[in-house]
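User: I would like a close look at one part of this model, with the charged side chains and their surroundings taken slowly and in context.

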Amino acid sequence: QMQLVESGGGMVQAGGSLRLSCTASGHTDTMGWFRQAPGKERLFVAKISRDGILTYYTDSVKGRFTISRENAKNTVDLQMNSLRPEDTSVYFCAAADPTSRYWEPDWRYWGQGTQVTVSS
């Protein structure tokens, strides 16, 4: 059973930066980050292909967030710059089922989440 552990959350002022990291217990295929604000549904933030070449972001974070991975360490990071109060959420790392396609990943495994709070 794949395990994912996130780290790097915290509290920052608007305009600041945070870097989230997710460590997997084994090799992974497509990886992604999601976020969930209190009382809201979990939303997609970004994803990256197994080879790290393909990335995709939700519109609200384009130009501010960068997803990257280091397969030798089984890690995927999310660099978040120019943070806004509306970015406040619990952020989750996810790993897709290897049999699913990058363009339609089956998000099979999830981390426990890490809190990001952006104050105005």
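Is Asp 29 buried or exposed, and what is its relative accessible area?

Analyst: In this predicted model, Asp 29 is buried, with a relative accessible area of 11%. Its side chain takes part in a salt bridge with Arg 50, in which the closest N and O atoms are 3.3 Å apart. Asp 29 sits in the loop between β3 and β4, whereas Arg 50 belongs to the loop between β5 and β6 (55-57), so that the bridge links distant parts of the chain, 21 residues apart. On the other side of this pair, Arg 50 is exposed, at a relative accessible area of 51%, a value that counts as exposed because the limit is set at over 50%.

The bridge between Arg 50 and Asp 29 is one of 8 salt bridges in the count, and two others can be set beside it. Arg 108 and Asp 97 meet through their side chains at 2.8 Å, N to O; because Arg 108 lies in strand β10 (residues 107-110) and Asp 97 in the loop between β9 and β10, this pair ties together parts that are 11 residues apart in sequence. Here Asp 97 counts as buried at 10% relative accessibility, while Arg 108 is partly exposed at 41%. Salt bridges with shared partners also join Arg 35, Arg 64 and Asp 87 into one network. Between Glu 70 and Lys 73 the side chains form a salt bridge at 4.0 Å, N to O, with Glu 70 partly exposed at 39% relative accessible area and Lys 73 exposed at 55%.

Asn 74, in the loop between β7 (65-70) and β8 (75-80), makes a side-chain polar contact of 3.3 Å with the side chain of His 27. Beyond its neighbours within four places in sequence, the contacts of Asn 74 are Cys 22, Thr 23, Ala 24, Gly 26 and His 27.

Two basic side chains are also placed over aromatic rings: Arg 42 lies over the face of Trp 110, at 4.8 Å from the ring centre, and Lys 47 lies over the face of Tyr 102, at 4.4 Å from the ring centre. Trp 110 in turn belongs to one aromatic cluster with Phe 34, Phe 44, Tyr 56 and Trp 107.

As for the nonpolar background, the largest core has 25 residues, and those with the most contacts inside it are Trp 33, Leu 78, Met 80 and Tyr 91. Among the elements giving two or more residues to this core are β3 (18-24), β4 (31-36) and β5 (43-48), and β3 provides its largest share, 4 residues.

Notes:
Residues are numbered from 1 along each chain as its sequence is written. This is a predicted model: local features need pLDDT of at least 70, side-chain atom pairs count only at pLDDT 80 or more; totals for chains, interfaces and linings use all residues. Side-chain values use heavy atoms; hydrogens and water are left out. Rings of Phe, Tyr and Trp (its six-membered ring) pair if their centres lie within 6.5 Å; planes under 30 degrees apart count as stacked, over 60 as edge-to-face and the rest as tilted. A charge sits over a ring if NZ of Lys or CZ of Arg is within 6 Å of the ring centre and within 35 degrees of the ring normal. A polar contact is a pair of N or O atoms within 3.5 Å; within protein, one must be able to donate a hydrogen and the other to accept it, and residues adjacent in sequence count only if both atoms are side-chain atoms. Contact means heavy atoms within 4.5 Å. A nonpolar core is a set of buried Ala, Val, Leu, Ile, Met, Phe, Trp, Tyr and Cys residues joined through side-chain atoms within 4.5 Å. Buried means under 20% relative accessible area, exposed over 50%, partly exposed in between (1.4 Å probe, protein chains only).
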